[in-house]
Amino acid sequence: MTNSPKALAQLWCFLKIYVLGILCFAVFRILILVTNIEQLSTIIQNKFLLLTKAFWMGVRFDTVISGYFLSLPLLLWGILFFFKKLNSLWLRIGHSLIIFYF
């Protein structure tokens, strides 16, 4: 159980990367909304409800994409942790995969 603090730190790192990815996707979605706001006003009457639904659908999609990006490094980390082969080299490889994906 000596790897438990290291394991919690790595899980916390995965969670921070996930939240960062969701925030980046949200910023891009807001930028697209701001640049195309005049086109939105001509199309619909009830803008707030449609925007809320669109942003919720975007968050769901972003969660799926972030999950796909983080699945391989998290799987690698889990297998190595289970077999007690987790060391700094494998952590660097996992972080490199995450950086490559994003």
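These exercises walk through a predicted model of one protein chain.

Residues are numbered from 1 along each chain as its sequence is written. Local features need pLDDT of at least 70 and side-chain atom pairs count only at pLDDT 80 or more, while totals for chains, interfaces and linings use all residues; side-chain values use heavy atoms, leaving out hydrogens and water.

**Exercise 1. The fold**

Task: Find how many helices and strands there are in the chain.

Solution:
- Helices (H or I, at least four residues) and strands (E, at least two) are DSSP runs, numbered from the N terminus.
- The chain has 4 helices and 0 strands.
- Along the sequence, the pattern reads α-α-α-α.
- Now take contacts, meaning heavy atoms within 4.5 Å. Of those between residues at least 6 apart in sequence, 77% join residues at least 24 apart.

**Exercise 2. Helix H1**

Task: Compare the reach of helix H1 with its expected length, then list residues of H1 that are buried.

Solution:
- H1 covers residues 4-35, which is 32 residues.
- The expected span is 1.5 Å times one less than the number of residues. For H1 that is 46 Å.
- From first C-alpha to last, H1 reaches 47 Å, close to the expected value.
- Next, burial. Buried means under 20% relative accessible area, exposed means over 50%, and partly exposed lies in between (1.4 Å probe, protein chains only).
- In H1, the residues Ala7, Gln10, Phe14, Ile17, Gly21 and Ile22 are buried.
- An α-helix has 3.6 residues a turn, so residues three or four places apart point the same way.

**Exercise 3. The core**

Task: Name the residues of the largest nonpolar core, and say which helix gives the most to this core.

Solution:
- A nonpolar core is a set of buried Ala, Val, Leu, Ile, Met, Phe, Trp, Tyr and Cys residues joined through side-chain atoms within 4.5 Å.
- The largest one holds 6 residues: Ala7, Phe14, Ile17, Leu70, Trp77 and Ile98.
- H1 and H3 each supply at least two of them. H1 gives the most, with 3 residues.
- For the whole chain of 102 residues, 21% are buried.

**Exercise 4. The salt bridge**

Task: Locate the salt bridge and state how far apart its closest N and O atoms are.

Solution:
- A salt bridge is a side-chain nitrogen of Lys or Arg within 4 Å of a carboxyl oxygen of Asp or Glu.
- A search of the whole structure finds 1.
- Arg29 pairs with Asp62, with the closest N and O atoms 2.9 Å apart.
- The pair links distant parts of the chain: Arg29 sits in helix H1 and Asp62 in helix H3, 33 residues apart.
- Arg29 has a relative accessible area of 22%, so it is partly exposed. Asp62 has 4%, so it is buried.
- Arg29 also has Ala54 at 9.8 Å, C-alpha to C-alpha, though the two are 25 residues apart in sequence. Ala54 lies in helix H3.

**Exercise 5. The surface**

Task: Identify the residues that make a nonpolar surface patch, and decide whether Phe82 is buried or exposed.

Solution:
- Patches use residues with over 30% relative accessible area and no salt bridge; like charges are joined within 9 Å, and nonpolar side chains (Val, Leu, Ile, Met, Phe, Trp, Tyr) within 5 Å.
- Accessible areas come from the Shrake-Rupley method with a 1.4 Å probe; for residues, only the protein chains shown count as cover.
- Leu72, Leu75, Ile79, Phe82 and Phe83 make a patch of about 550 Å².
- Phe82 lies in helix H3, residues 47-82. Its relative accessibility is 64%, so Phe82 is exposed.
- The chain's accessible surface comes to about 7800 Å², and 77% of that belongs to carbon and sulfur atoms.
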